[in-house]
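Thanks, everyone; I would like to take a few minutes on one model, beginning with its pocket and then turning to its ligand. Please have a look at it first.

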Amino acid sequence: MNTVLAGYGLVKKYGSATALAGVDVEVGERDSLAIMGPSGSGKSTLLHTLAGIVRPDGGEVLLRGERGAGGSRPTEGLDRIDQLGENRLSALRRKRFGFVFQSGQLLPELPAEENVALPLILEGVPRRQAVERARRWFAPLGLDGLAHRRPGQLSGGQAQRVAIARALAVEPDVVFADEPTGALDQATSTEVVRLLTSVTREQGAALVMVTHDADVAAHCDRVLHVRDGRISGHSQYTVA
Ligand code: ADP
């Protein structure tokens, strides 16, 4: 596996609660990894730690090709990111990572295409060019004809597909998805996760997804089971 992102010995405590008790995880290029486990087991903390949102109390997070990040390099080509300053870390998150949440992440006053273009505009791409680039994602995600709709005029599944387009617009190395189908019915959820996994892979990005739904997790290449802040098992799927 050509590792693009890794966490080694990850520990995170909140007061007396231990959210992560020493987790090792590696994510490969175009890999898709589902994180499953009971409520409170540390899934979101693990995702947020790998994504540079939560800073671990122990261990290291490494990302390929983040030169100048410093720190130790246990694996060739991987650079430590968990000790970067907040500005550098938030720039890294914007450029190299995409995020999909359960719901409510689109700006209600903007049409779908401008929601997708927003991360590009924040990166300094001129508005017209950003919207043009954003529109390219609509057909692959089955959103033809919906570019001018506002989020309130979209179904739950359509809104999640716009959110996926937005996560992919910056052409990230890794897409992080936290319960991306949590607010959808079973049929819509299957359609959304199928598109999320296939379009992310085609784009050449890796996917790390927290889900409580085994049917959703089965669309990923691998599943990591978490319990009490530790990895309690792995499973591998051959076909999504
Ligand atoms: P999961 O995503 O599996 O439901 P979390 O990662 O959200 O689990 O939480 C793991 C543990 O850490 C839980 O005991 C939770 O209460 C605690 N925890 C998570 N985030 C915080 C926080 N911001 N402040 C205090 N405790 C937290």
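How do the residues of the lining of the largest pocket divide into nonpolar, polar and charged? They divide into nine nonpolar, three polar and three charged, where Ala, Val, Leu, Ile, Met, Phe, Trp, Tyr, Cys and Pro count as nonpolar, Asp, Glu, Lys and Arg as charged, and the others, Gly among them, as polar.

Before I go on, this is a predicted model, in which local features need pLDDT of at least 70 and side-chain atom pairs count only at pLDDT 80 or more, while totals for chains, interfaces and linings use all residues. Residues are numbered from 1 along each chain as its sequence is written, and side-chain values use heavy atoms, with hydrogens and water left out.

Among the 15 residues that line the largest pocket, Arg93, Arg94, Phe97, Phe99 and Pro119 lie nearest its centre. At least two lining residues each come from helix H2 (86-96), strand S6 (97-100), helix H3 (112-122) and helix H5 (156-168).

Turning to the ligand, its shell has three nonpolar, six polar and one charged residues, and the residues surrounding the ligand, that is, with a heavy atom within 4 Å of it, include Tyr14, Ala19 and Pro38. For polar contacts, meaning pairs of N or O atoms within 3.5 Å, a side-chain N or O atom of Lys43 lies 2.8 Å from a ligand oxygen atom, and backbone N or O atoms of Ser41 and Ser44 lie 3.1 Å and 2.8 Å, respectively, from an oxygen atom of the ligand.

How values were computed: A polar contact is a pair of N or O atoms within 3.5 Å; within protein, one must be able to donate a hydrogen and the other to accept it, and residues adjacent in sequence count only if both atoms are side-chain atoms. On a 1 Å grid over the protein atoms alone, a cavity is a set of points where a 1.4 Å probe fits but cannot get out, and a pocket is an open set with protein on both sides within 12 Å along at least five of seven lines; lining residues have an atom within 4 Å of a point. Helices (H or I, at least four residues) and strands (E, at least two) are DSSP runs, numbered from the N terminus.
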